[in-house]
Amino acid sequence: MEIEPTPHEAYVKHCTVEVAQALWNSVKTLAMKDYIGAEARLLDNPTDVYALSTKAECETFFEELHKLDTVKYKLKYDGGLFECIAMEHFPKEWGVMLPTGKHATKCPICKEGTIGRFFLPVDRNKPRGKRAKDPRVTFSCDVCTFRKVFHLGRMEDEYLQEQAKQWKRIAMQQRVQLCRQETQAQLEKHPEWDQHEKDLCYQRMAKKWHV
């Protein structure tokens with residue numbers, strides 16, 4: 001008579017190499033999302049204790065995997081591109097949302113989510129303090145949760161239009177600067193490239209950064 005396996009034995013039986021690899025990939029993905037979320041919170045509030053703790057734990061995890069430099073590289077440039085996109089989509093009128101569906105803006109960090117734009121008007125009932133009183137516009141990915149927050153002084157459309165022009169100019173300057181930095185980093189990582197491969201690298205970077 002065949003003995004029915006216990007739940008533990010059944011789990012071990014079906015825990016193949018492929019299943020273990022899928023589980024490990026999920027752990028790394030979750031760690032990356034936590035790291036991205038912590039970095040996003042620190043951009044808005046550099047003294048966020050929870051974000052600092054989460055970032056330190058994730059960095060320890062990636063350092064043990066010898067992937068910390070890779071993660072920092074990705075966040076530096078993909079996070080920079082996210083901020084450029086946010087500055088270029090700064091609203092000219094209060095409350096106007098970003099397009100959704102096929103016209104939505106893809107997140108350059110996770111490549112899966114889309115960027116949304118959220119508005120928080122002045123709340124007079126909150127405690128005193130700049131961050132509590134001032135209106136803000138937040139750009140956030142619906143998958144990796146990376147975000148860029150703009151704290152505003154006023155809510156008039158004329159003020160927003162002037163701010164939008166200013167951020168658009170800054171975004172293009174940052175695109176050019178980060179494109180040059182990433183291109184140089186790629187060339188330094190691959191000194192064996194010939195001129196043709198270097199030309200392809202220039203083309204990839206120019207296409208990525210739209211410069």
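User: Which side chain of opposite charge is nearest to the buried Asp48, and how far away is it?

Analyst: In this predicted model, local features need pLDDT of at least 70, side-chain atom pairs count only at pLDDT 80 or more, and totals for chains, interfaces and linings use all residues. Residues are numbered from 1 along each chain as its sequence is written, and side-chain values use heavy atoms, with hydrogens and water left out. Asp48 is buried (under 20% relative accessible area, 1.4 Å probe, protein chains only) and has no salt bridge, a term for a side-chain nitrogen of Lys or Arg within 4 Å of a carboxyl oxygen of Asp or Glu. The nearest side chain of opposite charge (Lys and Arg positive, Asp and Glu negative; His and the chain ends not counted) is that of Arg41, at 4.2 Å.

User: Which backbone nitrogens does the side chain of Asp48 reach?

Analyst: Asp48 lies in the loop between helix 2 (17–44) and helix 3 (49–64); helices (H or I, at least four residues) and strands (E, at least two) are DSSP runs, numbered from the N terminus. A polar atom of the Asp48 side chain lies 3.0 Å from the backbone nitrogen of Ala51. The side chain also reaches, at 3.1 Å, the backbone nitrogen of Tyr50.

User: Which residues does Asp48 touch, not counting those up to four places away in sequence?

Analyst: Contact means heavy atoms within 4.5 Å. With residues up to four places away left out, Asp48 touches Leu42 and Arg41.

User: What is the strand order of the sheet?

Analyst: Strands pair if DSSP finds at least two bridges between them. The pairing is antiparallel in this open sheet of 3 strands, and its edge strands are strand 1 (115–120) and strand 3 (147–151). Strand 2 (residues 136–141) pairs with strand 3 over 5 bridges. The order is 1-2-3.

User: What angle does the direction of helix 4 make with that of strand 3?

Analyst: Helix 4 (residues 68–88) packs on the sheet and touches strand 1, strand 2 and strand 3. Axes are lines fitted to C-alpha atoms, for helices over the stretch in contact, and angles run from 0 to 180 degrees between N-to-C directions. For helix 4 and strand 3 the angle is about 40 degrees.

User: Is Thr100 buried or exposed?

Analyst: Thr100 belongs to the loop between helix 4 and strand 1. Its relative accessible area is 65%. Since the class exposed requires over 50%, Thr100 is exposed.

Key
Polar contact = N/O pair within 3.5 Å; in protein donor to acceptor, adjacent residues only side chain to side chain.
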